[in-house]
Amino acid sequence: QLQLVESGGGLVQPGGSLRLSCAASGSTFNYYAIAWFRQAPGKEREGVSCISRSGGRTKYADSVKGRFTISRDDAKNTVYLQMNNLQSEDTGVYYCAAHRLILSREWVSTTPDDYDKWGQGTQVTVSS
């Protein structure tokens with residue numbers, strides 16, 4: 001059973017950067033596409049980014065394109081989300097999630113219902 005643990009959140013000023021990590025254990029990591037979601041108070045969970053099993057395909061929400069970069073290191077069973085030029089609207093709890101795939105190595109999705117493995121989340125607060 002795959003388990004996911006997020007880390008790297010914190011308080012940062014507008015324009016600053018953070019790198020989130022999603023560490024996996026308990027199953028073969030390279031069978032999974034991994035996505036990042038976020039949820040601000042009073043709002044629905046929003047898909048931020050996703051990376052395919054191969055790492056060769058990625059997807060980003062329009063609101064983060066050009067500022068966020070997702071990557072994976074299968075040797076470390078970890079997916080990263082590099083977040084630059086953070087703005088107040090990026091504030092929220094960030095979750096990573098996993099979707100197991102047998103055949104497709106290039107599948108990506110930022111739809112929450114496509115994922116059944118979730119981490120506990122890490123808080124990101126962007127404020128001056």
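**An all-strand chain, starting from Gly-121**

I'll start with one residue: Gly-121 has a relative accessibility of 15%, so it counts as buried. The cut-off behind that word is under 20% relative accessible area. Before going on, please keep in mind that this is a predicted model.

Where is Gly-121? It sits in the loop between strand 10, residues 117-118, and strand 11. Setting aside neighbours within four places in sequence, the contacts of Gly-121 are Glu-6, Val-93, Tyr-94 and Tyr-95. For a sense of distance, take Ala-75: Gly-121 and Ala-75 are 46 residues apart in sequence, and their C-alpha atoms are 23 Å apart in space.

Now the chain as a whole. There are zero helices and 11 strands, so to speak a plain list to read out: from the N terminus on, every element is β, as in β-β-β-β-β-β-β-β-β-β-β. The C-alpha atoms fill a box of roughly 45 × 30 × 25 Å along the principal axes. The radius of gyration is 14 Å, which agrees with the value near 14 Å that a compact globule of 128 residues would have. Of those 128 residues, 43% count as buried. The chain exposes about 6400 Å², and carbon and sulfur atoms supply 44% of that area. As for contacts between residues at least 6 apart in sequence, 62% of them join residues at least 24 apart.

Back to the strand that follows Gly-121. In strand 11 the side chains alternate. Thr-122, Val-124 and Val-126 point to one face and are buried, while Gln-123 and Thr-125 point to the other face and are not buried. What does strand 11 pair with? Strand 2, residues 10-12, runs parallel to strand 11 and is joined to it by three bridges. In that pairing, Leu-11 stands opposite Thr-125. Strand 9 runs antiparallel to strand 11, again with three bridges. There, Val-93 has Gln-123 as its bridge partner.

Next, the interior. The largest nonpolar core has 26 residues. Which of them have the most contacts inside the core? They are Ile-34, Trp-36, Phe-68, Val-79, Leu-81, Met-83 and Tyr-94. The elements that give two or more residues to this core are strand 3 (18-25), strand 4 (32-39), strand 5 (46-51), strand 7 (68-73), strand 8 (78-83), strand 9 (92-100) and strand 11 (122-126). Strand 3 gives the most, with four residues.

To put one residue under the lens, take Val-79. Leaving aside neighbours within four places in sequence, Val-79 is in contact with Leu-20, Ser-21, Cys-22, Phe-29, Ile-34, Trp-36, Ile-51, Ile-70, Ser-71 and Arg-72. There is also a second, separate core of six residues, including Ala-35, Cys-50, Ala-97 and Tyr-115.

That brings me to the cysteines. The count comes to one disulfide. The bond is between Cys-22 and Cys-96, with the sulfur atoms 2.1 Å apart. The torsion about the S-S bond is about 70 degrees, so this disulfide is right-handed. Cys-22 lies in strand 3 and Cys-96 in strand 9, so the pair ties together parts that are 74 residues apart in sequence. At 0% relative accessibility, Cys-22 is buried. Cys-96 is buried as well, with 0% relative accessibility.

Why does Cys-50 not bond to Cys-22? The closest cysteine sulfur to that of Cys-50 is in Cys-22, and at 11 Å it is too far for a bond. The cut-off for a disulfide is sulfur atoms within 2.5 Å. Cys-50 is buried too, with a relative accessibility of 0%.

Last item: backbone torsions. Which residue between strand 7 and strand 8 should be mentioned here? Asn-77 lies in that loop, and it has a positive phi of about 55 degrees although it is not a glycine. Its relative accessibility is 25%, so Asn-77 counts as partly exposed. Asn-85 has a positive phi as well, of about 50 degrees, and is not a glycine either. Asn-85 is in the loop between strand 8 and strand 9. With a relative accessible area of 39%, Asn-85 is partly exposed.

That is what I have; I'll take questions.

Note on methods:
Residues are numbered from 1 along each chain as its sequence is written. This is a predicted model: local features need pLDDT of at least 70, side-chain atom pairs count only at pLDDT 80 or more; totals for chains, interfaces and linings use all residues. Side-chain values use heavy atoms; hydrogens and water are left out. A nonpolar core is a set of buried Ala, Val, Leu, Ile, Met, Phe, Trp, Tyr and Cys residues joined through side-chain atoms within 4.5 Å. Buried means under 20% relative accessible area, exposed over 50%, partly exposed in between (1.4 Å probe, protein chains only). Contact means heavy atoms within 4.5 Å. Two strands pair if DSSP finds at least two bridges between them. The radius of gyration is taken over C-alpha atoms; the globule rule is 2.2 Å times the number of residues to the power 0.38. Accessible areas come from the Shrake-Rupley method with a 1.4 Å probe; for residues, only the protein chains shown count as cover.
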